[in-house]
Each structure stands twice: as structure tokens, then as C-alpha cells.
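Here is a friendly walk through one protein chain, residue by residue and then as a whole. Keep the structure open beside you as you read.

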Amino acid sequence: MMFALAVVLGAVLSPLAGWLGKTVGLVDQPSGEDLKIHGRPTPLTGGVAVLAAAAVSAWAVGERQVPGLWLAVLIAFVIGTIDDR
């Protein structure tokens, strides 16, 4: 049940996170570099949708995780977002 809820939430929240990224300017611009294969600006805020979907679905089904695990996830999310930017 938790997995299905997370998938649905992720599908709903991903376009919103993309819109948020474009609105606040957190996008990766295409360039001539070999590693940047996208042809248009790509939002860097997908992690917001993933984190929110996981947190909300865990809370909704009453899953009790170790607080340290959520702290580690939050730290990885913040560092990943800073690195992307």
C-alpha cells in the first residue's frame, strides 16, 4: 500500500516540482558539453517530489522510521540540490 501511494504521489507531485523549479530558476541549461544531452532547460527539483511522496506515504500508513534515517535523507536531499545548482 505504501509503495502504491508513493508512486501515485510521485506522479502527481513531479509536474508540480518541475513547475516550481522553472519558477524559481532551478534549471539545468543545455550546453555543448558531452554530459548535457537535454535539448531544453531541465528542472532540478525532482527530488522535492520524491522526498515529499516518500514522507507523506510513510506518514499516511503509519510507518515509524528511525528519525536518524529521515535526517540522513534530508541531508542527502539538501546536498544533492545544492550540488545540482
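In this predicted model, a polar atom of the S57 side chain sits 2.8 Å from the backbone oxygen of A53. S57 itself belongs to helix 2. Is S57 buried or exposed? Its relative accessibility is 1%, and because buried means under 20%, S57 counts as buried. Setting aside residues within four places in sequence, the contacts of S57 are M2, L5, A6 and L9. Helix 1 covers residues 2-24, so you can follow these contacts from helix 2 by looking for M2, L5, A6 and L9.

Now move to T45, which is placed in the loop between strand 2 (42-43) and helix 2 (46-60). What lies 2.4 Å from a polar atom of the T45 side chain? The partner there is the backbone oxygen of A17. T45 has a relative accessibility of 5% and therefore counts as buried. Beyond residues up to four places away in sequence, T45 touches A17, G18, G21 and L26. A17 thus appears both in the list of residues that T45 touches and as the owner of that backbone oxygen.

Two other loop residues are worth a look. V61 is in the loop between helix 2 and helix 3, and with a relative accessibility of 37% it counts as partly exposed. Which residues does V61 contact, once neighbours within four places in sequence are left aside? They are M1 and M2. M2 is also one of the residues in contact with S57. In sequence V61 and L5 are 56 residues apart, while their C-alpha atoms are 9.2 Å apart in space.

S31 is located in the loop between strand 1 (27-28) and strand 2. Its relative accessibility is 35%, so S31 counts as partly exposed. From S31 to P41 is ten residues in sequence and 9.7 Å in space, C-alpha to C-alpha.

The four residues can be set side by side:

| Residue | Relative accessibility | Class |
|---|---|---|
| S31 | 35% | partly exposed |
| T45 | 5% | buried |
| S57 | 1% | buried |
| V61 | 37% | partly exposed |

Let us step back to the whole chain. How many helices and strands does the chain have? There are three helices and two strands, and they follow the pattern α-β-β-α-α along the sequence. Along the principal axes, the C-alpha atoms fill a box of roughly 45 × 25 × 25 Å.

The chain has 85 residues, of which 14% count as buried. About 6,100 Å² of the chain is exposed, and carbon and sulfur atoms supply 71% of that area. Of the contacts between residues at least 6 apart in sequence, 51% join residues at least 24 apart. As for charge, there are 5 positive and 6 negative side chains, and the centres of the two sets lie 10 Å apart.

Finally, a word on confidence. The average pLDDT of the chain is 84, with 98% of the residues scoring at least 70. Where is confidence lowest in the chain, and where is it highest? Helix 3 (residues 67-84) is lowest, at a mean of 83, and helix 1 (residues 2-24) is highest, at 90. Where pLDDT is low, the predicted coordinates should not be read in detail.

Definitions and conventions:
Residues are numbered from 1 along each chain as its sequence is written. This is a predicted model: local features need pLDDT of at least 70, side-chain atom pairs count only at pLDDT 80 or more; totals for chains, interfaces and linings use all residues. Side-chain values use heavy atoms; hydrogens and water are left out. Helices (H or I, at least four residues) and strands (E, at least two) are DSSP runs, numbered from the N terminus. Buried means under 20% relative accessible area, exposed over 50%, partly exposed in between (1.4 Å probe, protein chains only). A polar contact is a pair of N or O atoms within 3.5 Å; within protein, one must be able to donate a hydrogen and the other to accept it, and residues adjacent in sequence count only if both atoms are side-chain atoms. Contact means heavy atoms within 4.5 Å. Accessible areas come from the Shrake-Rupley method with a 1.4 Å probe; for residues, only the protein chains shown count as cover. Lys and Arg count as positive and Asp and Glu as negative; His and the chain ends are not counted. The place of a charge is taken as NZ of Lys, CZ of Arg, CG of Asp or CD of Glu. pLDDT is the predictor's confidence in each residue, from 0 to 100.
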